[in-house]
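Please walk me through this structure in the viewer, one selection at a time. I would like to know what to select next and what is there.

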Amino acid sequence: MYWSFDLTPTQGVVDHLAATVILALSATPLRLVQQKDSQPRMSESQQPQASQRFQVHLFVTCLADLFRPSIAFNSIALLEEAGCDVTVPMSQTCCGQPGYNTGDYEATVPLAKQFIATFEGADYVVAPSGSCAGMITHHYPRILEGQWHERALDLAARTFELTQFLSEVAGLKRPIEQRSDVGSVTYHDSCAGLRELGIQTQPRHLLNTLCRADLKEMERTDVCCGFGGTFCAKMPELSANMASDKLEMAQASGATTLAGGDLGCLMNLAGRAKREGIEIEVRHIAELLAGDLATPAIGESSQS
Amino acid sequence: MTISSNDFIAQSVVALQEAERLRTRKELGKHMPALRTRAVEEFGDFEGLREHVANVRQHALDNLDYYLPQFEQQAIDNGNQVHYARTGAELNDLVLSICQRHNARKIAKGKSMVTEETELNHHLERAGLEVVETDLGEYIIQQAGETPSHIVGPALHKPEAEIRELFLDKHPLGPRELEDPPAMVEEARSVLREHFLSADVGIVGANALIAENGYSLLVTNEGNGDLCANLPNILIVCTTMERVLPRARDAAALVRLLTRSTTGQSISCYTSYYSGPRRQDDIDGPLETHYVLLDNKRSDILASDYKDMLQCMRCGACLNHCPVYIGAGGHAYGSVYQGPMGSVLTPLLSSLEESHTLPSACTTCGRCAEVCPANIPLPDLLRDLRHDESRSKLGSGRWRVSMKLHAWVSQHPRLYQLLTGLGVRTLHRMGRRRGGFSRLPFASGWTQERDFPAPQKDTFMHQYRKQAAQDE
Ligand code: SF4
């Protein structure tokens, strides 16, 4: 078959609709499953005195731990604001995604078991990253067998990405007068969060109800930014090309801030923006929701 | 199957530099998903249809030992001859021997990925036969001596001007303008018409084989398949055994799914069922018809953890939605199968040794699996192939060792926090003024194309521990 294209100026609108529909179609079943799964597992002793406080263990995620602790501090602030008692298990390290995504399942299995053993005492596990939460909910059960598989499934049912937890479980609200202005924001849907967890409306809803944000959607916000874990270092040219496309669409939205829920993607985008001299502030959603604009954006100088 | 898949990275870098072709691909990457989305939306319960067809196909695959003989018997009863080819070479030999038995000189071919896979054209041409591809895209690349860059739109990479040049050069029709695509299509049409009328043998593929009645199904948008199948005296249908479906209505359901996923059409322009040779009072049709059913490792795939891949209906949606395919272009994959489906299929049909770079040519973004009408979990299969790669130590040793090291250190929280703390504080001191690094010795893959954002002053774990100590 031979195709030729007749591209009209309405293309952008069509694309946008197209993306929205794909997202709506794909996100719906996922969200239904999530709701079913989101029943907390309260131990007997906790139920009487639970008094609506959520017992949450924070999975900081290794990237936030190393490169941007402000994400974790702001996550804690948001969770506490939502009425959670937040515990940070001090022996946590990495969920094992790097090895898993390069196919080294053998190296990943002990990390998965370690993670489960560290976190399974929690009522809820919350991570400020869709791909890390997805690793636990979707991929641990894939690579673990027998009793560990069961434990993985059990933990998966109680594990959430931050914006998902804040909006679907904790139902965080904030009085209008306490909402701070975060300027114009465009939101990039990171792939794992979007497709594995159905995260799409949650961050936008929170931006609109916890802050004063001027949300400007970019075209094809569901297309990958080119990070892909080790992909970005193994195939840098292809990865950069994808990042540039994403930045172009973000800029075209007119927003001054590009936000997202996965630090890997954001570092990729911020780093590429710097390299290309593109002026856009790249921030994690937790920072915006907590109103923390004092922390320099990703890749910005921390010395005035 | 000749492949150059392990040169994917170098080939993709070249493709990224071809500005005009890259632009065309990016338009494709916007345009085709929009068409598909609209079609899916208009259909309504696409999800239900998808699941239904996947279940039927799974059932057929699980019971191939029942349906394949059933198809064979029905097809024979309809007057067809049915042959099985274990390998590509066997298919090529079978087809050649049928052609030679009839002293054929010219073959008119419809679009067929199976014969691309076996490189049938070369085989027939080496034996002195003339083979004419009649699908417009296939015809263009055949004239240009190129390979397909997209399983559905094989000539997608060729800009209009190149096609014009090609036609002016290859068609001895004197000086003319060929000012626009319709003029070029018109010319190809009239040239091809002569070939249809003079061909001795027609070869087509099949989108489905129907067990209950022994028919095959073919969808095209140009009608060339029907001309190949009906004008020459001999028809050979080359396809693979996993195309078998139990009932005629399953084939109809498949078409609904396939055309919407491919081009966003609710139905293809030509949807044909072939039963067999011309019957007594038929006014046209071939005198003799053959099915050649290729295995080429598909039995092995069926018995493996990759059997979901046999559900692929070659719709091309995963290519159109894949940002890596859009960037790299089809030729970078070094295989007749490209994009996500090609990165799974090529290693399975050839060997992982020859193509282990392909499964890594993916960010596992999952957009392909989201749109795949056959519900194939492509990112999971690609990751599993990386697992095979990792176990057979085919990939870069440096990556393998660093992943092992990372996993080992991550299992020792104290050591992990000590090392990351040291590293982060050093990087912070070095990078805080600029905010990032344009070069880092251990992250050259990263810094080749982007700056590396400098970390904040210390790891979270250290800061949190300190804070907790102060609070007490
Ligand atoms: S893998 Fe799925 S999307 Fe890709 S060509 Fe096959 S059926 Fe179509």
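## Two buried aromatic rings

Start with A:Y124, which counts as buried because its relative accessibility is 2%. The model is a predicted one, and this applies to every stop below. Add A:F160 to the selection; at 1% relative accessibility, A:F160 is buried too.

Over all chains there are 21 aromatic pairs. A:Y124 and A:F160 make one of them, in a tilted arrangement, with 6.0 Å from centre to centre and 55° between the planes. This pair joins distant parts of the chain: A:Y124 belongs to strand 3 (residues 124–127) of chain A and A:F160 to strand 4 (residues 159–161) of chain A, 36 residues apart. Extend the selection to A:F54 and A:F165, and one aromatic cluster of A:F54, A:Y124, A:F160 and A:F165 is on screen.

## Salt bridges in chain A

Next, show the charged side chains. The whole structure has 38 salt bridges over all chains.

Select A:R53 and A:D85, whose side chains form a salt bridge of 2.7 Å, N to O. A:R53 sits in the loop between helix 2 (46–49) and strand 1 (54–58) of chain A, and A:D85 in strand 2 (residues 84–87) of chain A, so the pair ties together parts 32 residues apart in sequence. A:R53 has 36% relative accessibility and therefore counts as partly exposed. A:D85, at 28%, also counts as partly exposed.

Now go to A:R151 and A:E120, a salt bridge in which the closest N and O atoms are 2.4 Å apart. Since A:R151 is in helix 8 (residues 146–156) of chain A and A:E120 in the loop between helix 6 (105–119) and strand 3 of chain A, the pair ties together parts that are 31 residues apart in sequence. With 22% relative accessibility, A:R151 counts as partly exposed. Keep A:R151 selected and add A:W148: A:R151 lies over the face of that ring, 4.0 Å from the ring centre.

The next selection is A:R195 with A:D222. Their salt bridge has its closest N and O atoms 3.7 Å apart. The pair links distant parts of the chain, with A:R195 in helix 10 (residues 191–197) of chain A and A:D222 in the loop between strand 6 (211–215) and helix 12 (231–234) of chain A, 27 residues apart. Are A:R195 and A:D222 buried or exposed? Both A:R195 and A:D222 are buried.

For a last stop in chain A, select A:R68, A:E281, A:R283 and A:E287, which a network of salt bridges links together.

## Chain B as a whole

Switch to chain B and colour by secondary structure: there are 23 helices and 12 strands. The C-alpha trace of chain B spans about 100 × 60 × 45 Å along its principal axes. Of the 472 residues in chain B, 59% are buried.

## Strands of chain B

Select strand 2 (residues 106–109) of chain B. In a regular strand, side chains alternate between the two faces of the sheet. Here both faces are covered: B:K106 and B:A108 on one side, and B:I107 and B:K109 on the other, are all buried.

Add the partners of strand 2. Strand 3 (residues 130–133) of chain B pairs with strand 2 of chain B in the parallel sense over four bridges, and B:A108 is opposite B:V132 in strand 3. Strand 4 (residues 201–204) of chain B also pairs with strand 2 in the parallel sense, over three bridges; here B:I107 is opposite B:V201.

Then move to an open sheet of four strands in chain B, in the order 8-5-6-9, with mixed pairing. Strand 8 (244–245) and strand 9 (270–274) of chain B are at the edges, each with a single partner strand, so one side of each has no neighbour in the sheet. Strand 5 (residues 208–210) and strand 6 (residues 215–220) of chain B pair in the antiparallel sense over three bridges, and B:A208 has B:L217 in strand 6 as its bridge partner.

## A ring and the ligand

Select B:R450 and B:W446: B:R450 lies over the face of B:W446, at 4.9 Å from the ring centre.

Finish at the ligand. Which residues surround the ligand? They are B:I151, B:C312, B:M313, B:R314, B:C315, B:G316, B:C318, B:M341, B:C372, B:P373, B:I376 and B:L378. By class, this shell has 10 nonpolar residues, one polar and one charged.

Notes: Residues numbered from 1 in each chain as written. Chains lettered and ligands numbered in written order. Predicted model: local features only at pLDDT ≥ 70, side-chain atom pairs only at ≥ 80, totals over all residues. Heavy atoms only, no water. Phe/Tyr/Trp six-rings, centres within 6.5 Å; stacked < 30°, edge-to-face > 60°. Helix = DSSP H or I, 4+ residues; strand = E, 2+ residues; numbered from the N terminus. Buried < 20%, exposed > 50% of the residue type's maximum accessible area, 1.4 Å probe, protein only. Lys NZ or Arg CZ within 6 Å of the ring centre and 35° of its normal. Salt bridge = Lys/Arg side-chain N within 4 Å of Asp/Glu carboxyl O. Near = heavy atom within 4 Å. Nonpolar A, V, L, I, M, F, W, Y, C, P; charged D, E, K, R; others polar. Pairing = 2+ DSSP bridges.
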